[in-house]
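Subject: Handing over the structure, with notes

Dear colleague,

I am passing a structure on to you, and since you have not worked with it before, I have written down what was found in it. Please have the sequence and the model open while you read.

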Amino acid sequence: RAAYQRLEKFKPFRSEAMYGQAWTAFQMNDVKIAAQIAGQLATEGGPYKIKAQFLYADSLFQDAQYARAKEIYKKLRGESRGDQRAMATKKIVACNQALKLPDGDGTTD
């Protein structure tokens, strides 16, 4: 994570470095830090915005904030196509299972 923090200081690499920090924190089970960094990056434009939104929601899910994660996945599902849409649908179903809701809740257009 420290390497990504140093890289963040160089503007052309800022988004990539922030995503790297969030991903590293997530892999280390530091979901609060991962959510904080990914959440910040998700509000900014750029090539890592969608990945950051998924990582933010994944971090919330790991932190047992299933309802908040589901809302983000639903938004991503509505904005995405192809593999990203399918991934968001699967993650909504996982949230539904954790919330003891029907699997299809929030997965229909």
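What follows goes through helix packing, then one residue in its surroundings, then the aromatic pairs, and lastly two residues with an unusual backbone angle.

Please keep in mind throughout that this is a predicted model.

Helix packing

Two packed helices are described by the angle between their axes and by the distance between those axes. For helix α2, which covers residues 14–27, and helix α3, which covers residues 31–42, the angle is about 155 degrees and the axes are 7 Å apart. Since angles over 145 degrees count as roughly antiparallel, α2 and α3 are therefore roughly antiparallel to each other. The crossing in which α2 passes α3 is left-handed. On the side of α2 the contact is made by R14, S15, M18, Y19, Q21, A22, A25 and F26, while α3 contributes V31, I33, A34, I37, A38, Q40 and L41. Sorted by character, the residues of this contact between α2 and α3 comprise eleven that are nonpolar, three that are polar and one that is charged.

Helix α2 also packs against α4, and here the axes come within 11 Å and cross at roughly 25 degrees. Because angles under 35 degrees count as roughly parallel, this crossing makes α2 roughly parallel to α4. The crossing of α2 and α4 is again described as left-handed. Y19, A22, W23 and F26 of α2 make the contact, together with K51, A52, L55, D58, S59 and Q62 of α4. In the contact of α2 with α4 there are six nonpolar, two polar and two charged residues.

V31 and its surroundings

V31, which is found in helix α3, may be a useful place to pause. With a relative accessible area of 14%, V31 is buried, because the cut-off for that word is under 20%. Leaving aside residues up to four places away in sequence, V31 touches F26, S59, Q62 and D63. Of these, F26 belongs to the α2 side of the contact with α3, whereas S59 and Q62 belong to the α4 side of the contact with α2. As for G82, V31 lies 51 residues from it in sequence, and the two are 27 Å apart in space, C-alpha to C-alpha.

Aromatic pairs

How many aromatic pairs does the structure hold? There are four aromatic pairs, and one of them is formed by F54 and Y73, a tilted pair with 6.5 Å from centre to centre and 40 degrees between the planes. F54 lies in helix α4 (residues 49–62) and Y73 in helix α5 (residues 66–79), so this pair ties together parts that are 19 residues apart in sequence. Both F54 and Y73 are buried.

Positive phi angles

Two residues deserve a look at the backbone. A64, found in the loop between α4 and α5, has a positive phi of about 65 degrees although it is not a glycine. A64 is partly exposed, its relative accessible area being 45%. K100, which lies in the segment after α6 (82–99), likewise is a residue other than glycine with a positive phi, in this case near 60 degrees. With a relative accessible area of 74%, K100 is exposed.

With kind regards

Notes
Residues numbered from 1 in each chain as written. Predicted model: local features only at pLDDT ≥ 70, side-chain atom pairs only at ≥ 80, totals over all residues. Heavy atoms only, no water. Axes fitted to C-alpha atoms, helices over the stretch in contact; angles between N-to-C directions. Helix = DSSP H or I, 4+ residues; strand = E, 2+ residues; numbered from the N terminus. Parallel < 35°, antiparallel > 145°, perpendicular 65-115°, else oblique. Left-handed = near helix turned anticlockwise from the far one by under 90°. Contact = heavy atoms within 4.5 Å. Nonpolar A, V, L, I, M, F, W, Y, C, P; charged D, E, K, R; others polar. Buried < 20%, exposed > 50% of the residue type's maximum accessible area, 1.4 Å probe, protein only. Phe/Tyr/Trp six-rings, centres within 6.5 Å; stacked < 30°, edge-to-face > 60°.
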